[in-house]
Structures are given as structure tokens and as C-alpha cells.
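Me: I have just opened this one and would like to go through it piece by piece. Can you help me find my way around?

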Amino acid sequence: MTKLNQKQQTLKGTARYSGITLHTGVRAHIKLNPAPANSGVTLVRVDLPERPEIRAVATNVVDVQRATTIAENGIGVHTVEHVLAALYACGIDNALIEMDGPEPPIADGSSAPYVAMIQEAGFEIQDASRKFYRVTEPHYVNMGDSKLVILPADEYRISCAVKYGESMMDSQYLSVPVNKDSFINDVSKARTFCLYTEIAQLMVKGLIRGGSLENAVVLKDGVVVCKDGLRYPDEFVRHKILDVIGDLSLVGCRLIGEIIAIKPGHPSNVALAQKLVGVMSTSVPSEE
Ligand SMILES: [Zn+2]
């Protein structure tokens, strides 16, 4: 049972990281900073005049093709789901993320480097109550192959199933609670992956310019191509759960409910986040 009398948390200090971005393929820098209570997660484009800020909320999502893009006043950042997943799952409610371009470094394609940054920066408890949204009835999104349902439950949990290819071996299922320990151990190290057949289409669209076996796992004819083998036998379903956590963090509060996700993707994840924001705006807040 999730205790509702929790305090908000931010980072105690700062942490920096730099590396190549996945889609634009350039070197980028990111810095995580503390932020005041009740401010949520905000991204700042420090490369632009007047340092425009973009709040990481579901209503700011402008694109969900391969990655999640958020924007405010025409200024955007994309592929933010891995850093957002790490912040949410590690229990950071408020943070200011400085970026010197539209995309953060992809690092190794997982959330592990962001978890390391959060641990380096440390945790600070703030004098404000954490906001929760307890799901009281099912809500769902049904988008082609992607189906997401959130059900009432005592804790935030994600149960996810994926299938790639034709054999039974290509099916993966996992159910995990969303908390710091399970995220660090069971989810954070799972890398981005793509199907070999998708690579050419992505390149034609000008995407994955920084993609390589340093930051992604490739599936070709049922064979896994990656550096140093898989990190978990079912790494794909774990990365899908990571993306769900990052995209659903855009609701802007702590969720209590179980998500059942079948072949989830950014379009379905964001649609569920937006649906929940709509439901929350018409219901009594459950801050206690
Ligand atoms: Zn991802």
C-alpha cells in the first residue's frame, strides 16, 4: 500500500553529463539541478537567448514519432523519456534540466547514466506534500497493436507484454512495481532497441544519426545484435516499461494504479498520460 503522507523531493546538488544524441547525432551536454517544491520537472534550453523553459507535462507533447517531444512557445526538446523516467522512478518530483540543444545525450540507450547523475547530485526532502493521483476506475487507450489500461491498485505497477517476430521466444512479459529499487535493478539498464528492418526508414526520415551499437540493441531475423550481449534476457520488455514510466511521468504527480501495457509505444503512452490529466482536472485532488 502506497503511503500518501510523503514529502516532495528534489536534487541536493547538481550533476553533468555529455555525449552523443541519438537522433541528431551531435555532442550534447545536460545538467541536472534542484528546483523549488511544486515546480515539477522543467527543461531549459541554455543554448538559446533568454534560456526558454519547457515544462515536462503531458499538455506540452507535440510529437511522439520514435521519441517523445515536448515544446512550449515553439521551442522544443525531444527524446526526453529516459531522463524523465530516471527522475520519476528515483523519486525526484522537482528538477531543472539544462540542455544545450534540442536532445539530451542518448548515453548507452538506457536510463542508467541518468540514475548515476541523480545519485551523484543526491536527494533533498522538501517542505511540501507529494501529490498523488489514485486511479479509481479503469482508463484505457487502444491504438492499433498498442493497448494500455490503468486499473485501480494499491501501488504504481506496470505489467507489460511485447512480441517481435513470429516465434514464441520473441514474446516477453514482465510486471514490476515502479519504485527506486526496482527501477535501478530491473529496468534502468535496459537499452533502446530497434528492428533491423526499421533502420533504413528511420535514416530516410533523418532520425538515428547518432545511433550505433554503443547505444542500441538491434533485432535482425530473430537474432540480437548488440555490444557485450543482452543486459537482461528480456531487455526489450524492460525498456518498454522504462519508456512507459518516462512518458507517464508527464502527468505531473505520483500515480497509484496498475498499467497493463501490450506493445506500448510513445503514441499510446502519451495518449494515456493526456487522458489521465483530463480525468484529474475534473476530479477532486487526492493530496493528503
Ligand atoms: Zn526508450
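Me: Which residue is the bridge partner of Val141 in strand 13?
Reply: In strand 13 the bridge partner of Val141 is Leu148. Please keep in mind as we go that this is a predicted model.

Me: How many bridges join strand 12 and strand 13, and in what sense do they pair?
Reply: Strand 12, which covers residues 139-143, and strand 13, which covers residues 146-151, pair in the antiparallel sense over 5 bridges. The hairpin they make has 2 residues between the strands, and in it Gly144 takes a positive phi near 60 degrees.

Me: And what is the bridge partner of Lys147 in strand 20?
Reply: That partner is Ile262 in strand 20. Strand 20 spans residues 258-262 and pairs with strand 13 in the antiparallel sense, over 5 bridges.

Me: Changing topic, in what order do strands 6, 7 and 8 lie in their sheet?
Reply: The 3 strands form an open sheet in the order 6-7-8, and the pairing is antiparallel. The edge strands are strand 6 (61-63) and strand 8 (75-78), each of which pairs on one side only, while the twist averages 40 degrees from one strand to the next.

Me: What joins strand 7 to strand 8?
Reply: Strand 7, made of residues 69-72, is joined to strand 8 by 4 bridges, and the two run antiparallel. As one example of a pair, Ala71 has Gly76 in strand 8 as its bridge partner.

Me: Now helix 1: is it mostly covered or exposed?
Reply: Helix 1, residues 81-89, is mostly covered, with 9 of its 9 residues buried. Among these buried residues are Glu81, His82 and Tyr88.

Me: What covers the buried residues of helix 1?
Reply: The cover includes strand 4 (41-45) and strand 9 (95-99), together with helix 2 (112-121), helix 3 (180-187) and helix 5 (235-248). Helix 1 is followed by Gly91, whose phi is positive, near 90 degrees.

Me: You mentioned helix 5, so at what angle does helix 5 cross helix 6?
Reply: The axes of helix 5 and helix 6 (residues 266-281) cross at roughly 35 degrees and come within 9 Å, and the crossing is right-handed.

Me: Which residues meet there?
Reply: From helix 5, Asp243, Val244, Asp247 and Leu248 meet His266, Asn269, Val270, Leu272 and Ala273 of helix 6. The residues of this contact divide into 5 nonpolar, 2 polar and 2 charged.

Technical notes: Residues numbered from 1 in each chain as written. Predicted model: local features only at pLDDT ≥ 70, side-chain atom pairs only at ≥ 80, totals over all residues. Pairing = 2+ DSSP bridges. Axes fitted to C-alpha atoms, helices over the stretch in contact; angles between N-to-C directions. Buried ≥ 20, exposed ≤ 12 C-beta atoms within 10 Å, placed from the backbone. Contact = placed C-beta atoms within 7 Å. Left-handed = near helix turned anticlockwise from the far one by under 90°. Nonpolar A, V, L, I, M, F, W, Y, C, P; charged D, E, K, R; others polar.
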